[in-house]
Amino acid sequence: MRKLLLATAAILIAAAGAAYSQDAKMSFFVTSVGSGKGADLGGLKGADAHCASLAEAAGVTGKSWAAYLSTSDTDARDRIGKGPWVNAKGVKIADDVASLHSDANGITKQTALNEKGEVVNGRGDTPNRHDVLTGSKPDGTKIADQTCGDWTMSGAEGAAMMGHHDRTGLDDSAAAKSWNSSHASRGGCSKEALKGTGGDGLFYCFATN
């Protein structure tokens with residue numbers, strides 16, 4: 001009986017170790033929660049810190065994180081390192097910056113998981129949370145005046161370009177299926193405005209190392 005218990009314990013420990021090692025490889029996720037202030041993320045510095053905090057809470061340490069966000073003088077594609085990137089389940093999202101911004105990337109509702117390895121609500125779910133803040137064009141470069149004051153605004157003014165993490169929208173257009181450049185927010189940068197079009201102030205995080 002004692003040998004059986006020891007064997008069972010060893011199996012459980014090995015399984016736990018395997019699960020941890022899988023999670024520890026994570027280098028891409030959608031934030032499970034936003035800042036709570038709409039598109040006011042505390043600028044790029046605040047957004048990066050939010051990525052790092054969520055990753056650490058999920059047990060992933062030793063990585064440097066950057067939010068996939070453009071500003072008036074920064075392109076999101078230049079912030080995220082060289083790749084490759086995998087989600088919390090070890091599924092590859094893209095090999096490099098070029099493939100990330102091509103039709104070959106692996107971002108879908110099933111793969112654009114949050115840092116806990118959970119699927120993020122998309123179109124058809126309640127509530128819909130598929131609008132992801134980016135401030136970017138499809139190629140990952142900045143869009144003028146669509147970054148909510150470089151991620152410092154949370155009122156009725158301003159606008160933010162957003163993508164659909166589930167690659168689904170109102171039609172079959174390229175924009176509706178875009179992970180990073182689908183449409184701008186309507187009614188400003190507040191949490192209520194973002195929720196109005198199917199968002200929750202979420203954004204993408206990438207490990208840069």
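Here is a walk through this fold, from its overall layout to a few residues and then the pockets.

What you have is a predicted model. The chain is built from five helices and eight strands. If you trace it along the sequence, the order of elements runs α-β-α-β-β-β-α-β-α-β-β-α-β. Of the 209 residues, 47% are buried. Look at the contacts with a separation of 6 or more, and 68% of them join residues 24 or more positions apart.

Let's turn to the charged pairs. Side chains of opposite charge can pair when their charged atoms come close. How many salt bridges does the structure hold? There are six salt bridges in the structure, and three of the pairs are worth a visit here: R79 with D48, K142 with D75, and D95 with K92.

Start with R79 and D48, whose side chains meet at 2.7 Å, N to O. This salt bridge ties together distant parts of the chain, with the partners 31 residues apart. R79 sits in the loop between β2 (65-67) and β3 (85-86), while D48 belongs to helix α2, residues 43-57. Are these two buried or exposed? Both R79 and D48 are buried.

The loop between β2 and β3 comes up again with D75, which forms a salt bridge with K142. Here the closest N and O atoms are 3.3 Å apart. K142 is in the loop between β5 (131-133) and α4 (148-151), so this is another link between distant parts of the chain, its two residues lying 67 positions apart. The two partners don't share a burial class: D75 has a relative accessible area of 15% and counts as buried because that is under 20%, whereas K142, at 32%, is partly exposed.

S70 is a good place to stay in this part of the model, since S70 also lies in the loop between β2 and β3. Its relative accessibility is 0%, so S70 counts as buried. Leaving out residues up to four places away in sequence, S70 touches both members of the salt bridge we just met, D75 and K142. The other residues that S70 touches are A76, T134, G135, S136, G140, T141, T147 and W151.

Next comes the pair D95 and K92, whose side chains meet in a salt bridge at 2.7 Å, N to O. D95 has a relative accessible area of 41%, which makes D95 partly exposed. K92 falls into the partly exposed class too, at 46%.

D95 has a second link worth following. Its backbone nitrogen lies 3.1 Å from a polar atom of the side chain of S99. S99 itself is found in helix α3, residues 97-100. With a relative accessible area of 17%, S99 is buried, because the cut-off for that class is under 20%. Beyond its neighbours within four places in sequence, S99 is in contact with A94, A104 and N105. As for G83, 16 residues away along the chain, its C-alpha atom and that of S99 are separated by 9.7 Å.

A little further along the chain is T111, placed in the loop between α3 and β5. Which backbone oxygen does the side chain of T111 reach? The oxygen belongs to G106, at 2.5 Å. G106 is also among the residues that T111 touches when those up to four places away in sequence are not counted, together with F28, N87, V91 and I93. T111 is buried, its relative accessible area being 13%.

Finally, the pockets. The largest pocket has a volume of about 200 Å³. Its lining is made up of 15 residues, and the ones nearest its centre are H164, G169, L170, S182 and H183. Sorted by class, that lining has three nonpolar, nine polar and three charged residues.

The second largest pocket holds about 170 Å³ of space. Its lining includes L100, H101, S102, D103 and N105, and N105 is already familiar as a contact of S99. Also lining this pocket are P138, R167, A174, K177, S178, W179 and N180. By class, these lining residues divide into four nonpolar, five polar and three charged.

Conventions
Residues are numbered from 1 along each chain as its sequence is written. This is a predicted model: local features need pLDDT of at least 70, side-chain atom pairs count only at pLDDT 80 or more; totals for chains, interfaces and linings use all residues. Side-chain values use heavy atoms; hydrogens and water are left out. On a 1 Å grid over the protein atoms alone, a cavity is a set of points where a 1.4 Å probe fits but cannot get out, and a pocket is an open set with protein on both sides within 12 Å along at least five of seven lines; lining residues have an atom within 4 Å of a point. Grid points are joined across faces, edges and corners, and a volume is the space filled by probe spheres set on the points. Ala, Val, Leu, Ile, Met, Phe, Trp, Tyr, Cys and Pro count as nonpolar, Asp, Glu, Lys and Arg as charged, and the others, Gly among them, as polar. A salt bridge is a side-chain nitrogen of Lys or Arg within 4 Å of a carboxyl oxygen of Asp or Glu. Helices (H or I, at least four residues) and strands (E, at least two) are DSSP runs, numbered from the N terminus. Buried means under 20% relative accessible area, exposed over 50%, partly exposed in between (1.4 Å probe, protein chains only). Contact means heavy atoms within 4.5 Å. A polar contact is a pair of N or O atoms within 3.5 Å; within protein, one must be able to donate a hydrogen and the other to accept it, and residues adjacent in sequence count only if both atoms are side-chain atoms.
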